[in-house]
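Me: I am new to this structure. Please pick a single spot in the chain, look at it closely, and then show me how the parts around it are put together.

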Amino acid sequence: NEFITLDDPEFGEQTFLPTPDITDKIVKYFLVPLQFVRMELGMPVYILSCYRTQTWEQKKGRDGSSQHVFKGEGACDVTAKDLMRLFVSLKMGDNWSRIAYYPKQKFFHIDRKSSERQYFIADPYWQYCSEDEIIETLSK
């Protein structure tokens, strides 16, 4: 199936096809690099969210300017069974400039919005932090 289906209990099933430029960004900036992460880790890396329509964002009460809408280079939320190893692998590469850890939901948001590497802990709002602070949070 060439379409992406979003089955959201709140809004029902929505089927859409991202534009070719967005599809290219998803593959180039997320799917290919995450495949290397998966191979390095030797375990599945789960993509929880990547592309979202602006309409979906707005229906969720957001302003529609999320990196997930792919107005820039996009964003992806990922998780794995071993979050520490996943974090180490994500930070070793240069594919993403921002890495945010969501400790309650146990996933990482990765994107390319910044020109330099930035780390955040989202609990619940994004707060700048160091690489060591994410490691400390993961160790709890």
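Reply: The spot is lysine 106, in the loop between S5 and S6. The model is a predicted one. Lysine 106 is not a glycine, yet its phi is positive, at about 60°. Most residues other than glycine have a negative phi. With a relative accessible area of 47%, lysine 106 is partly exposed; a residue would count as buried under 20% and as exposed over 50%.

Two other backbone features can be set beside it. Glycine 42, just after H1, also has a positive phi, of about 70°. Aspartate 123 and proline 124 are joined by a cis peptide bond, with omega about -5°, and proline 124 sits in the loop between S7 and S8.

Now the strands on either side of the loop. S5 and S6 belong to an open sheet of 6 strands with mixed pairing, in the order S3-S4-S6-S5-S7-S8. The edges of this sheet are S3 and S8, each with a single partner strand, so each has one side without a neighbour in the sheet. From one strand to the next the twist averages 30°. S5 pairs with S7 in the parallel sense over 4 bridges, and alanine 100 has phenylalanine 120 of S7 as its bridge partner.

Helices lie against this sheet. H4 touches S5, S6, S7 and S8, and its direction makes about 35° with that of S7. H1 lies across S3, S4 and S6 and runs at about 25° to S4.

H1 covers residues 20-41, which is 22 residues, and spans 30 Å from its first C-alpha to its last, close to the expected 32 Å. There is a bend of about 35° at valine 27. Its buried residues are Ile22, Lys25, Ile26, Tyr29, Phe30, Pro33, Leu34, Val37 and Leu41. An α-helix has 3.6 residues a turn, so residues three or four places apart point the same way. What covers the buried residues of H1 includes S3, S4, H3 and S6.

What holds the middle of this arrangement in terms of contacts? The largest nonpolar core has 28 residues, and Leu34, Leu86, Leu90, Phe108 and Ile134 touch the most other members. At least two of its residues come from each of H1, S4, H3, S5, S6, S7 and H4. H1 gives the largest share, 7 residues. Leaving aside residues up to four places away in sequence, leucine 34 touches Val45, Ile47, Cys76, Val78, Leu90, Trp96 and Ile110. A second core, separate from the other, has 5 residues, among them Ala100, Phe107, Phe120 and Ala122. Alanine 100 and phenylalanine 120, the bridge partners, are thus both met again in this second core.

Finally, the chain as a whole. It has 4 helices and 8 strands, and along the sequence they follow the pattern β-β-α-β-α-β-α-β-β-β-β-α. Of its 140 residues, 45% count as buried. Among contacts between residues at least 6 apart in sequence, 49% join residues at least 24 apart. Back at the starting point, lysine 106 is a partly exposed residue in the loop between S5 and S6.

Notes: Residues numbered from 1 in each chain as written. Predicted model: local features only at pLDDT ≥ 70, side-chain atom pairs only at ≥ 80, totals over all residues. Heavy atoms only, no water. Expected span 1.5 Å × (residues − 1). Bend = angle between axes of the 7 residues up to and from the residue. Buried < 20%, exposed > 50% of the residue type's maximum accessible area, 1.4 Å probe, protein only. Contact = heavy atoms within 4.5 Å. Core = buried A, V, L, I, M, F, W, Y, C linked by side-chain atoms within 4.5 Å. Pairing = 2+ DSSP bridges. Axes fitted to C-alpha atoms, helices over the stretch in contact; angles between N-to-C directions.
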